[in-house]
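Student: Could you take me through one part of this model in close detail, namely the negative patch on the surface, and then place it within the whole?

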Amino acid sequence: YASKEEIYGDLLAGSLDRLQAAVFAAVDGRAAPVERLLSATLAFFDYYRDSPGDLDLGFYLFRGMKPLGLTRELNADLNVRLRAVLGEVERALGDLGLAPEAAERETVALFGHAVGLLLLVHTGRMRLFRLDDRELMADYVDRLAARLAAAQAAPRA
């Protein structure tokens with residue numbers, strides 16, 4: 001390796017590959033979009049809940065909320081890997097009737113929700129609320145799916 005950042009990039013790439021394998025395994029054989037959405041989201045959430053070191057890898061180079069130390073090429077490669085994982089969520093949302101732009105927006109919202117809950121879990125702050133983190137994540141997905149189903153069932157004017 002030519003630098004610490006290259007080592008970090010290789011470690012993070014491996015982590016993202018393991019995350020992708022977990023998400024793909026969770027959705028394998030699930031035909032219904034709602035099942036795929038819930039399975040993909042919870043696999044993503046469970047992976048980082050159960051592997052806090054991998055979550056730390058994802059934020060290692062952030063100082064003052066800006067990534068530092070990665071080359072553009074390495075950063076682009078890592079982002080492609082993350083987008084591939086999130087693509088499973090986005091595809092399920094598209095299959096639930098969302099247009100591509102709306103599916104992307106909801107994917108970002110789900111990602112943000114998951115990361116926020118994971119931050120609460122791994123800092124111990126979730127104990128303040130005495131709530132189950134995984135149940136909160138599943139509830140969020142269930143409410144999203146119900147909202148999408150209601151929107152599709154509503155008569156169009």
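Tutor: A residue is called buried when its relative accessible area is under 20%, exposed when that area is over 50%, and partly exposed in between. With a relative accessible area of 40%, Asp-142 therefore falls into the partly exposed class, and this residue is a good place to begin, with the reminder that the model is a predicted one. Asp-142 belongs to helix 6, which covers residues 133–153, and together with Asp-132, Glu-135 and Asp-139 it makes up a negative patch on the surface. Membership of such a patch calls for over 30% relative accessible area and for the absence of a salt bridge, with like charges joined within 9 Å; the 40% of Asp-142 is therefore enough to satisfy the requirement on area.

Moving back along the chain from this patch, one comes to Arg-130, which sits in the loop that links helix 5 (100–122) to helix 6. The phi angle of Arg-130 is near 50°, a positive value in a residue that is not glycine. Arg-130 has a relative accessibility of 76%, and because the exposed class begins over 50%, Arg-130 is counted as exposed.

A second patch, nonpolar in character, offers a counterpart to the acidic one: Tyr-1, Ile-7 and Leu-11 form it on the surface, and their accessible area together is about 340 Å². Leu-11 is part of helix 1, which spans residues 4–27, and its relative accessible area of 48% lies between the two cut-offs, so Leu-11 is partly exposed.

To set these details in the whole, the protein has six helices and two strands, and from the N terminus the order of the elements is α-α-α-β-β-α-α-α. Along the principal axes, the C-alpha atoms occupy a box of roughly 60 × 40 × 30 Å. The chain has 157 residues, of which 34% are classed as buried, while the exposed surface of the protein comes to about 9500 Å², with 57% of that area supplied by carbon and sulfur atoms. When contacts between residues at least 6 apart in sequence are considered, 69% of them join residues at least 24 apart.

As for charge over the protein as a whole, there are 19 positive and 23 negative charges, and the mean positions of the two sets are 5 Å apart.

Notes. Residues are numbered from 1 along each chain as its sequence is written. This is a predicted model: local features need pLDDT of at least 70, side-chain atom pairs count only at pLDDT 80 or more; totals for chains, interfaces and linings use all residues. Side-chain values use heavy atoms; hydrogens and water are left out. Helices (H or I, at least four residues) and strands (E, at least two) are DSSP runs, numbered from the N terminus. Buried means under 20% relative accessible area, exposed over 50%, partly exposed in between (1.4 Å probe, protein chains only). Contact means heavy atoms within 4.5 Å. Accessible areas come from the Shrake-Rupley method with a 1.4 Å probe; for residues, only the protein chains shown count as cover. Lys and Arg count as positive and Asp and Glu as negative; His and the chain ends are not counted. The place of a charge is taken as NZ of Lys, CZ of Arg, CG of Asp or CD of Glu. Patches are made of residues with over 30% relative accessible area and no salt bridge: like charges are joined within 9 Å, nonpolar side chains (Val, Leu, Ile, Met, Phe, Trp, Tyr) within 5 Å. A salt bridge is a side-chain nitrogen of Lys or Arg within 4 Å of a carboxyl oxygen of Asp or Glu.
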